[in-house]
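Keep the sequence and the 3D view side by side. The paragraphs below walk through the chain, from its overall form down to single residues.

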Amino acid sequence: MDKQIEEVLDRNAKLQNALEGMCFQFAGWDDKYGGYTTMGLSALEEAFDVLGWNDPHVYLAATCQWPNCKKQRTSGIPTSNGYMLVCGEHFRALDLKENPNGKECV
Ligand SMILES: [Zn+2]
């Protein structure tokens, strides 16, 4: 492949990666749909448009693993059914269930 084309493709991949990272960091979270939202901010709307994302951008990789919960995962906890990545509310629920005597989770 032509070296100039390779450089352009590499740069575009880096720009897309940086734009996605900025959206992951600065976009809001929509608890109803389980995904990132622009919250009506024009800079994020432009970024979502460039990335081809809907608003909200459903993102299962960051959604709580508790059944039917669409909140953003914020914590991980070992359970009797394996390690779970969950929101704060379900972290507390699982922590109480798994550690009823109040021992700290490691
Ligand atoms: Zn949850």
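Buried residues make up 20% of the 106 residues in the protein chain. The model is a predicted one. Its overall dimensions come next. Along the principal axes, the C-alpha trace spans about 65 × 35 × 20 Å. The radius of gyration is 19 Å, whereas a compact globule of 106 residues would have a value near 13 Å. Contacts along the chain can be sorted by separation. Among those between residues at least 6 apart in sequence, 24% join residues at least 24 apart.

Now split the chain into its parts. The domain assignment gives two: domain 1 covers 1-59, and domain 2 covers 63-106. Taken over C-alpha atoms, their centres are 29 Å apart. How many residues of each domain are in contact with the other? Six residues of domain 1 touch four residues of domain 2. On the domain 1 side, that set holds three nonpolar, one polar and two charged residues.

Next, the secondary structure. The protein chain has three helices and five strands. Read from the N terminus, the order is α-β-β-α-β-β-β-α.

Start with the sheet of three strands. It is open, it runs in the order β1-β2-β3, and its pairing is antiparallel. β1 (28-30) and β3 (57-58) are the edge strands. Each has a single partner strand, so one side of each has no neighbour in the sheet. Three bridges hold the antiparallel pairing of β1 with β2 (residues 35-37). Within that pairing, find aspartate 30, which stands opposite glycine 35 of β2.

Strand β1 also contains tryptophan 29. Is this residue buried or partly exposed? Tryptophan 29 counts as partly exposed, because it has 19 C-beta neighbours inside 10 Å, and a buried residue needs 20 or more. Set aside its neighbours within four places in sequence, and the contacts of tryptophan 29 are Tyr36, Thr37 and Gln72. Lysine 70 is worth locating too. Tryptophan 29 and lysine 70 are 41 residues apart in sequence, yet their C-alpha atoms are 9.5 Å apart in space.

Go back to Tyr36, which belongs to the largest nonpolar core. That core has six residues: Cys23, Ala27, Tyr36, Leu44, Phe48 and Trp53. Follow leucine 44 from here. Beyond its neighbours within four places in sequence, leucine 44 is in contact with Cys23, Phe26, Ala27, Thr38 and Met39. Another core lies apart from this one. It has five residues, including Cys64, Val86, Cys87 and Leu94.

Met39 deserves a closer look. Methionine 39 sits in the loop between β2 and α2. Its phi is near 55 degrees, a positive value in a residue other than glycine. Methionine 39 counts as partly exposed, because 14 C-beta neighbours fall inside 10 Å.

Move along to the loop between α2 (42-51) and β3, where proline 56 is found. What is the form of the peptide bond from aspartate 55 to proline 56? That bond is cis, with omega near 10 degrees.

Past β3 comes another loop, between β3 and β4, and asparagine 68 lies there. Asparagine 68 has a positive phi as well, near 65 degrees, and is again a residue other than glycine. How do its surroundings look? Asparagine 68 is exposed, because 6 other C-beta atoms lie within 10 Å.

Finish with the remaining strand pair. β4 (residues 75-79) and β5 (residues 82-86) run antiparallel and are joined by five bridges. Two residues make the hairpin connection from β4 to β5. Which residue of β5 is the bridge partner of glycine 76? Glycine 76 pairs with leucine 85. Val86 closes the range of β5, and Val86 is also one of the five residues in the second core described above.

How values were computed: Residues are numbered from 1 along each chain as its sequence is written. This is a predicted model: local features need pLDDT of at least 70, side-chain atom pairs count only at pLDDT 80 or more; totals for chains, interfaces and linings use all residues. Domain bounds come from an automatic or database domain assignment. Two residues are in contact if their C-beta atoms, placed from the backbone, lie within 7 Å. Ala, Val, Leu, Ile, Met, Phe, Trp, Tyr, Cys and Pro count as nonpolar, Asp, Glu, Lys and Arg as charged, and the others, Gly among them, as polar. Two strands pair if DSSP finds at least two bridges between them. Helices (H or I, at least four residues) and strands (E, at least two) are DSSP runs, numbered from the N terminus. A nonpolar core is a set of buried Ala, Val, Leu, Ile, Met, Phe, Trp, Tyr and Cys residues joined through C-beta atoms within 7 Å. A residue is buried if 20 or more other C-beta atoms lie within 10 Å of its own, exposed if 12 or fewer, and partly exposed in between; C-beta atoms are placed from the backbone. The radius of gyration is taken over C-alpha atoms; the globule rule is 2.2 Å times the number of residues to the power 0.38.
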